[in-house]
Amino acid sequence: MIEWLVDERGIEPHVKLMDKSERKDGTFSRSDFAFDPDRNHCVCPGGKELRKYHRAFAKPRDGLTKDGTMIYFASKRDCEACPLKPKCCPNVPARKIARSVHEAARDKARAIAKTEAYAVSRRERKKVEMLFAHLKRILRLDRLRLRGPSGAKDEFLLAATAQNLRKLAKVIPFPAPVFAT
């Protein structure tokens with residue numbers, strides 16, 4: 001979905017990504033590994049290459065898993081001799097990194113998430129979400145009672161009008177009371 005927004009539609013994705021690549025156990029995260037798109041491999045913090053395949057196959061393979069990721073493997077010999085092995089792959093013989101085919105679009109979304117414009121849009125999104133939550137809970141628009149698209153449109157229009165009138169009543173100041181003398 002992110003790739004469709006970024007590449008095909010040219011829209012800046014101001015959405016939070018589900019990102020589970022950062023590790024909290026003290027070992028290197030996926031962001032510590034540099035990806036070289038020209039040579040299609042990752043480079044570990046120790047300077048060694050992680051490749052999709054370490055041998056040539058008679059029948060060429062694309063290297064994609066069912067969920068659209070490519071897995072890059074380090075050589076077992078490289079990892080055994082590396083001084084960073086305790087911080088990289090302490091419980092396995094060699095490190096492997098999974099990278100989505102849509103990772104370039106995800107990187108753009110991560111970069112946007114660090115900007116001030118993202119923080120502003122996040123605050124604005126909360127305001128809109130609160131209006132819909134208010135419609136569902138207070139005005140009981142959790143399910144529509146009228147049938148068909150025109151009935152749904154009419155019912156939503158009435159609920160939005162009621163919501164706007166409530167907001168307007170809070171904005172308009174009450175006139176000062178006039179006492180009889």
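Two strands pair if DSSP finds at least two bridges between them. In this predicted model, strand E3 (residues 49-51) and strand E4 (residues 69-74) meet that condition, with 2 bridges in the antiparallel sense. One of the bridge partners is named here: Leu50 is matched with Ala74 in E4.

## Confidence

The average pLDDT of the chain is 85. Of the residues, 100% score at least 70. Helix H6 (residues 148-171) has the highest confidence, with a mean of 90. H1 has the lowest, with a mean of 82.

## The sheet

The sheet is open and has 5 strands. Their order is E1-E2-E3-E4-E5, and the pairing is antiparallel. Strand E1 (34-36) and strand E5 (96-100) are the edge strands. Each has a single partner strand, so one side of each lacks a neighbour in the sheet. On average, neighbouring strands are turned by 30 degrees against each other, direction ignored.

E4 also pairs with E5. That pairing is antiparallel and runs over 5 bridges. Within it, Met70 has Arg99 of E5 as its bridge partner. Strands of a sheet pair through backbone hydrogen bonds, either parallel or antiparallel.

## Nonpolar cores

Which residues make up the largest nonpolar core? There are 12: Phe28, Phe33, Cys42, Cys44, Leu50, Met70, Tyr72, Ala74, Cys79, Cys88, Cys89 and Ile97. E4 gives the most to this core, with 3 residues. Both bridge residues named for the E3 and E4 pairing, Leu50 and Ala74, belong to this core. Met70 belongs to it as well.

Another core lies apart from this one. It has 5 residues, among them Ile2, Val6, Leu17 and Ala109.

Cys79 is a member of the 12-residue core. Leaving out residues up to four places away in sequence, Cys79 touches Ala74, Lys85, Cys89, Pro93, Ala94 and Arg95. Of these contacts, Ala74 and Cys89 are listed in the core too.

## Cysteines

How many disulfides does the structure hold? The count is 0. Cys42 is in no disulfide; its nearest cysteine sulfur belongs to Cys44 and is 10.0 Å away. Cys82 is also in no disulfide. For Cys82 the nearest cysteine sulfur is again that of Cys44, 5.6 Å away. A disulfide needs two cysteine sulfur atoms within 2.5 Å, so a sulfur 5.6 Å away does not qualify. Cys42 counts as buried, at 3% relative accessibility.

## Helix H4

Helix H4 covers residues 103-112. Its buried residues are Glu103, Ala105, Arg106, Ala109 and Ile112. What covers these buried residues includes helix H1 (2-8), E5 and helix H5 (116-137). Ala109 is also named in the 5-residue core. An α-helix has 3.6 residues a turn, so residues three or four places apart point the same way.

## Single residues

Four residues are set side by side below.

| Residue | Location | Relative accessible area | Class |
|---|---|---|---|
| Ser29 | loop between H1 and E1 | 4% | buried |
| Asn40 | loop between E1 and strand E2 (41-43) | 28% | partly exposed |
| Glu80 | helix H2 (residues 76-81) | 52% | exposed |
| Arg140 | loop between H5 and H6 | 54% | exposed |

Ser29 counts as buried because its relative accessible area is 4%, and buried means under 20%. Residues up to four places away in sequence aside, Ser29 touches Ser21, Glu22, Arg23 and Arg95. Arg95 is also on the contact list of Cys79.

Glu80 is exposed because 52% is over the 50% limit. How far apart are Glu80 and Leu144, in sequence and in space? They are 64 residues apart in sequence. In space they are 63 Å apart, C-alpha to C-alpha.

Backbone angles mark two of the loop residues. Asn40 has a phi near 55 degrees, a positive value in a residue other than glycine. Asn40 is partly exposed, at 28% relative accessible area. Arg140 is not a glycine either, and its phi is positive, at about 55 degrees. Arg140 counts as exposed, at 54% relative accessibility.

Terms used
Residues numbered from 1 in each chain as written. Predicted model: local features only at pLDDT ≥ 70, side-chain atom pairs only at ≥ 80, totals over all residues. Heavy atoms only, no water. Buried < 20%, exposed > 50% of the residue type's maximum accessible area, 1.4 Å probe, protein only. Axes fitted to C-alpha atoms, helices over the stretch in contact; angles between N-to-C directions. Core = buried A, V, L, I, M, F, W, Y, C linked by side-chain atoms within 4.5 Å. Contact = heavy atoms within 4.5 Å. pLDDT = per-residue confidence, 0-100.
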